[in-house]
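User: I should like a close look at a single part of this model, with its surroundings described in one connected account. Please begin with the question that follows the display.

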Amino acid sequence: EQVPVDSYIIPLSQAEILQEGSDVTLVAWGTQIHVLREVANMAQEKLGVSCEVIDLRTILPWDTETVCKVTSTSTVTSIRPATVM
């Protein structure tokens with residue numbers, strides 16, 4: 001992905017739909033987005049499962065309106081980073 005050269009604003013309280021899909025919706029934030037995109041690609045290639053990918057950008061507040069409104073699938077999975085102890 002390319003980083004813009006000019007100044008830009010990221011609306012932190014607004015989720016971004018990174019990929020549209022019809023079978024399952026995957027929701028995450030932060031570094032897990034990169035993992036989720038790989039999972040979505042693998043699911044499509046190996047299983048024929050179409051994944052919608054949503055980046056929350058922030059978890060407080062999180063964009064419930066976008067997640068609930070845009071979710072075109074009946075299954076939603078949330079991914080979060082694991083804590084290592």
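Is C51 buried or exposed? Please then take the loop between strand 3 and helix 2 as the part to be examined.

Analyst: The model is predicted, and every value below is computed from it. C51 counts as buried because its relative accessibility is 4%, under the 20% limit for that class. C68, in contrast, has a relative accessibility of 61% and therefore counts as exposed. The structure holds 0 disulfides.

The loop in question runs between strand 3 (51–55) and helix 2 (64–70). R57 is one of its residues. The phi angle of R57 is near 70°, a positive value in a residue other than glycine. Another residue of this loop is P61, and the peptide bond that leads from L60 to P61 is cis, with omega near -5°. As background to both features, most residues other than glycine have a negative phi, and most peptide bonds are trans.

R57 also takes part in a salt bridge. A search of the whole structure finds 1 such pair: E16 with R57, whose closest N and O atoms are 3.0 Å apart. The pair links distant parts of the chain, since E16 belongs to strand 1 and R57 to the loop between strand 3 and helix 2, 41 residues apart. In general, side chains of opposite charge can pair when their charged atoms come close. Both partners are partly exposed: E16 has a relative accessibility of 32%, and R57 one of 25%.

I59 likewise has its place in this loop. With a relative accessibility of 46%, I59 counts as partly exposed. The C-alpha atom of I59 lies 8.2 Å from that of S13, although the two residues are 46 residues apart along the chain.

Beyond the loop comes helix 2, in which T66 is found. T66 is buried, because its relative accessible area is 14%. The side chain of T66 makes a polar contact with the side chain of D63, at 2.5 Å.

On the other side of the loop, strand 3 is among the elements against which the buried residues of helix 1 pack; strand 1 (16–19) and strand 2 (24–28) are the others. Helix 1 covers residues 32–47, which makes 16 residues, and spans 21 Å from its first C-alpha to its last, close to the 22 Å expected at 1.5 Å a residue. Q32, I33, L36, A40 and A43 are buried in helix 1. Seen down the helix axis, the buried residues fall within an arc of 95°, so they line one face of helix 1. The general background is that an α-helix has 3.6 residues a turn, so residues three or four places apart point the same way. Turned away from the buried side of helix 1 is a face that carries the exposed residues H34, E38, E45 and K46. Just after helix 1, G48 takes a positive phi of about 70°.

To return to the loop: R57 joins it to strand 1 through the salt bridge with E16, and the cis peptide bond falls between L60 and P61.

Key: Residues are numbered from 1 along each chain as its sequence is written. This is a predicted model: local features need pLDDT of at least 70, side-chain atom pairs count only at pLDDT 80 or more; totals for chains, interfaces and linings use all residues. Side-chain values use heavy atoms; hydrogens and water are left out. Helices (H or I, at least four residues) and strands (E, at least two) are DSSP runs, numbered from the N terminus. Buried means under 20% relative accessible area, exposed over 50%, partly exposed in between (1.4 Å probe, protein chains only). The expected span of a helix is 1.5 Å times one less than its number of residues. The arc is that of the directions from the helix axis to the C-beta atoms. Contact means heavy atoms within 4.5 Å. A disulfide is a pair of cysteine sulfur atoms within 2.5 Å. A polar contact is a pair of N or O atoms within 3.5 Å; within protein, one must be able to donate a hydrogen and the other to accept it, and residues adjacent in sequence count only if both atoms are side-chain atoms. A salt bridge is a side-chain nitrogen of Lys or Arg within 4 Å of a carboxyl oxygen of Asp or Glu.
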